[in-house]
Amino acid sequence: RRQRHWIEPPLVPFLAGQQVGHPLLGSKLTLADPPGSHVFTVLLDTNRPRYLADHKIEMAEVFPAAGYFEMALSAARLLGVEGGVEIRHVTFEKPLILADSQPVEVQTHFVACESSEWRFTIYSRILGSDRKQDWTCHVSGEIHSLLSTNTLSPVSLADVQASCPYLRDGKDFYSERLSQGNEWGSTFQGIQQVWRGEGEVLAEIVTPEGILSELKNYQAHPA
């Protein structure tokens with residue numbers, strides 16, 4: 001006796017372009033216009049990548065601000081930007097809220113402005129929604145190459161620590177953040193000690209075990 005069965009396809013659209021192997025960038029397309037422009041497209045939710053579920057603010061999973069910087073830096077490296085760089089003129093427009101059952105499509109737009117300057121803008125929209133839905137802009141900024149003459153001089157940690165006399169334990173630091181609504185999980189709790197001075201902070205940070213194996217995939221891991 002024959003019976004018909006249907007297999008539901010996974011909720012993952014076809015993402016055109018070259019896969020770049022970065023968890024927050026996905027695939028890359030080089031656009032025809034304007035010249036020197038590229039777009040990276042990726043699907044994100046609280047399990048892609050898993051550490052995002054640990055970044056909670058007032059009970060909501062919010063994409064970390066450091067993640068935007070990582071996306072911009074990694075996009076620059078993938079497009080051949082070498083040497084020291086500086087991120088400038090960053091504007092945060094609206095937070096990106098994540099959910100288990102509702103993946104979002106995230107685009108990172110990267111445009112060459114001058115020989116040593118690029119502009120990035122990051123957008124998102126809910127996956128599976130009306131294709132006419134407007135994209136939400138989350139952050140924009142600029143990346144500038146640092147000339148060899150602009151590289152920073154070595155910093156003496158002993159001198160910085162001497163100018164930051166107020167010491168605080170990492171557990172106390174996170175306890176205070178929790179009272180302010182920042183419910184960060186273990187992968188976002190790498191600070192061991194904090195020294196604070198006048199307009200200056202020095203921190204001892206130990207990479208949480210939960211992300212050690214992922215570090216090779218990032219320029220600066222968001223956690």
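# Strands, rings and a buried histidine

Q: Which residue in β5 stands opposite I57?
A: A60 in β5 is the residue that I57 faces. This is a predicted model, by the way.

Q: What makes β4 and β5 a strand pair?
A: Two strands pair if there are at least two bridges between them. Strand β4 (residues 55–57) and strand β5 (residues 60–62) have 2 bridges, in the antiparallel sense, so they count as paired.

Q: Where do β4 and β5 sit in their sheet?
A: The sheet is open and has 4 strands, in the order β7-β5-β4-β12, with antiparallel pairing.

Q: Why are β7 and β12 called edge strands?
A: Because β7 (97–98) and β12 (182–184) each have a single partner strand, one side of each is left without a neighbour in the sheet.

Q: How do you know that β13 and β14 are paired, and in which sense?
A: There are 5 bridges between strand β13 (residues 191–196) and strand β14 (residues 201–205), and the two run antiparallel. The rule asks for at least two bridges, so this pair passes. Across it, W195 stands opposite L202 in β14. The hairpin has 4 residues between the strands, and G199 there takes a positive phi near 65°.

Q: Why is H22 called buried?
A: H22 has a relative accessible area of 7%. Buried means under 20%, so H22 qualifies. As for location, H22 lies in the loop between β1 (18–19) and β2 (27–30).

Q: What makes the link between H22 and E70 a polar contact?
A: The side chains of H22 and E70 come to 2.7 Å. The limit for the N or O atoms is 3.5 Å, so that distance falls within it. The H22 side chain also reaches the backbone nitrogen of L24, at 3.0 Å. Setting aside neighbours within four places in sequence, H22 is in contact with E70, S74, N217 and Y218.

Q: What is the burial class of T46, and of R48?
A: Both T46 and R48 are found in the loop between β3 and β4. T46 has a relative accessible area of 2%, so it is buried, given the cut-off of under 20%. R48 has 31%, which lies between 20% and 50%, so it counts as partly exposed. Not counting residues up to four places away in sequence, T46 touches L52, A53, E61, L98, A99 and D100. For R48, the C-alpha distance to L24, 24 residues apart along the chain, is 8.7 Å.

Q: How many aromatic pairs are there?
A: The count comes to 7.

Q: What makes F69 and F92 an aromatic pair, and of which kind?
A: Their ring centres are 6.1 Å apart and the planes meet at 70°. Centres must lie within 6.5 Å, and over 60 degrees counts as edge-to-face, so this pair fits both cut-offs. The pair links distant parts of the chain: F69 is in helix α1 (residues 65–78) and F92 in strand β6 (residues 85–92), 23 residues apart. Both rings are partly exposed, F69 at 29% and F92 at 47%.

Q: How do you know that Y174 and W184 are edge-to-face rather than stacked?
A: The angle between the planes is 80°, with 6.2 Å centre to centre. Stacked needs planes under 30 degrees apart and edge-to-face needs over 60, so edge-to-face is the label. Y174 is in helix α3 (residues 170–179) and W184 in strand β12, 10 residues apart. Y174 is buried at 10%, while W184 is partly exposed at 22%.

Q: Which residues form one aromatic cluster?
A: F63, Y68, F69 and F92 do.

Q: Why is R177 said to lie over a ring?
A: R177 sits over the face of F173, at 4.6 Å from the ring centre. The distance limit is 6 Å, so R177 is within it.

Q: Which residues touch the most other members of the largest nonpolar core?
A: L44, F63, M71 and V106 do, out of 27 residues. Elements giving two or more residues to this core are β3 (37–44), α1, β8 (104–114), β9 (117–126) and β10 (136–145). The largest share, 5 residues, comes from α1. Leaving aside neighbours within four places in sequence, L44 is in contact with P23, L24, P49, F63, L98, P103, V104 and V106.

Technical notes:
Residues are numbered from 1 along each chain as its sequence is written. Side-chain values use heavy atoms; hydrogens and water are left out. Buried means under 20% relative accessible area, exposed over 50%, partly exposed in between (1.4 Å probe, protein chains only). A polar contact is a pair of N or O atoms within 3.5 Å; within protein, one must be able to donate a hydrogen and the other to accept it, and residues adjacent in sequence count only if both atoms are side-chain atoms. Contact means heavy atoms within 4.5 Å. Rings of Phe, Tyr and Trp (its six-membered ring) pair if their centres lie within 6.5 Å; planes under 30 degrees apart count as stacked, over 60 as edge-to-face and the rest as tilted. A charge sits over a ring if NZ of Lys or CZ of Arg is within 6 Å of the ring centre and within 35 degrees of the ring normal. A nonpolar core is a set of buried Ala, Val, Leu, Ile, Met, Phe, Trp, Tyr and Cys residues joined through side-chain atoms within 4.5 Å.
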